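I opened my notebook to look up salt bridges first and one serine after that. Here is how the session went.

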Amino acid sequence: LVLTAAHCVHDPYTNARLNPADVTFAAGWRQGRASAHRKARRVVVHPTYVHNGKAEFENVGNDIAIVELAHSIRNTAIMPFDRSARPVIGTKVQVVSYAHDRAEMPSIEEPCEILGKSMAVFVLSCHASFGASGAPIFVLENGQPRIASVISAKATWKEQDVALGTSLGTPLEELMAQ
């Protein structure tokens with residue numbers, strides 16, 4: 001299973017949801033190569049997510065999707081990540097993304113922190129660039145990275161550029177139930 005932002009599984013020109021047959025996950029993508037490629041079997045979007053082609057705060061809290069791969073990745077170089085407990089304001093986080101200007105090479109932004117939160121949205125001091133959507137937001141727990149959220153949008157909050165992430169508590173449980 002691959003966690004991403006729901007808007008990432010929609011065509012940016014037509015706003016239609018992508019056909020799972022057209023989705024390929026490239027695990028460990030770096031400098032034009034991946035450690036594994038897998039086709040999607042199914043794409044499941046949060047049931048209350050409404051895709052209208054625009055990032056709206058009301059939609060960020062349910063901007064998550066799961067891509068179910070057609071075949072498991074059985075490569076010891078590619079390990080899945082566990083989910084983090086719900087982090088609190090002030091928690092240090094890291095974002096690993098492939099933004100538009102560095103699509104061949106992942107970059108890590110650290111340290112960022114959670115500046116604010118609601119029940120469904122995290123406000124992060126990280127700088128999200130176009131193409132960073134769906135990127136994992138990690139919290140280090142006992143030295144191990146765990147997924148706390150995914151990037152949904154960039155915004156301005158209290159005159160500061162911020163990234164918005166979807167909380168993975170109840171929204172992820174609702175998504176997994178599908």
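My entries below follow the order in which I looked things up.

**Entry 1: what I am working with.** I am reading a predicted model, so I kept in mind that side-chain atom pairs count only at pLDDT 80 or more.

**Entry 2: the salt-bridge search.** How many salt bridges does a search of the whole structure find? I got five. I wrote up three pairs from my reading, starting with the ones that share a glutamate.

**Entry 3: R41 and E68.** I found R41 in a salt bridge with E68, where the closest N and O atoms are 3.1 Å apart. I then checked where the two partners sit: R41 belongs to strand β3, residues 36-45, while E68 belongs to strand β4, residues 65-69. The pair links distant parts of the chain, with the two positions 27 residues apart in sequence terms.

**Entry 4: R42 and E68.** I also found E68 paired with R42, and here the closest N and O atoms are 2.9 Å apart. Because R42 is in strand β3 and E68 in strand β4, this pair ties together parts that are 26 residues apart in sequence. I noted the resulting picture as a network of salt bridges linking R41, R42 and E68.

**Entry 5: accessibility in that network.** Is E68 buried or exposed? I have E68 down as buried, because its relative accessible area is 19% and the cut-off for buried is under 20%. R42 comes out at 40% relative accessibility, so I logged R42 as partly exposed.

**Entry 6: R146 and D82.** My next pair was R146 with D82, a salt bridge whose closest N and O atoms are 3.3 Å apart. R146 lies in strand β9 (residues 144-157) and D82 in the loop between β4 and β5 (92-97), so I marked this pair as tying together parts that are 64 residues apart in sequence. R146 is partly exposed, and I wrote down a relative accessible area of 24%.

**Entry 7: S167.** I turned to the serine last and located S167 in strand β10, which covers residues 160-167. With a relative accessibility of 1%, S167 counts as buried. Which residues is S167 in contact with, leaving aside its neighbours within four places in sequence? I listed R86, M119, A120, V121, F122 and S149. I also noted a polar atom of the S167 side chain 3.4 Å from the backbone nitrogen of G169.

Technical notes. Residues numbered from 1 in each chain as written. Predicted model: local features only at pLDDT ≥ 70, side-chain atom pairs only at ≥ 80, totals over all residues. Heavy atoms only, no water. Salt bridge = Lys/Arg side-chain N within 4 Å of Asp/Glu carboxyl O. Helix = DSSP H or I, 4+ residues; strand = E, 2+ residues; numbered from the N terminus. Buried < 20%, exposed > 50% of the residue type's maximum accessible area, 1.4 Å probe, protein only. Polar contact = N/O pair within 3.5 Å; in protein donor to acceptor, adjacent residues only side chain to side chain. Contact = heavy atoms within 4.5 Å.
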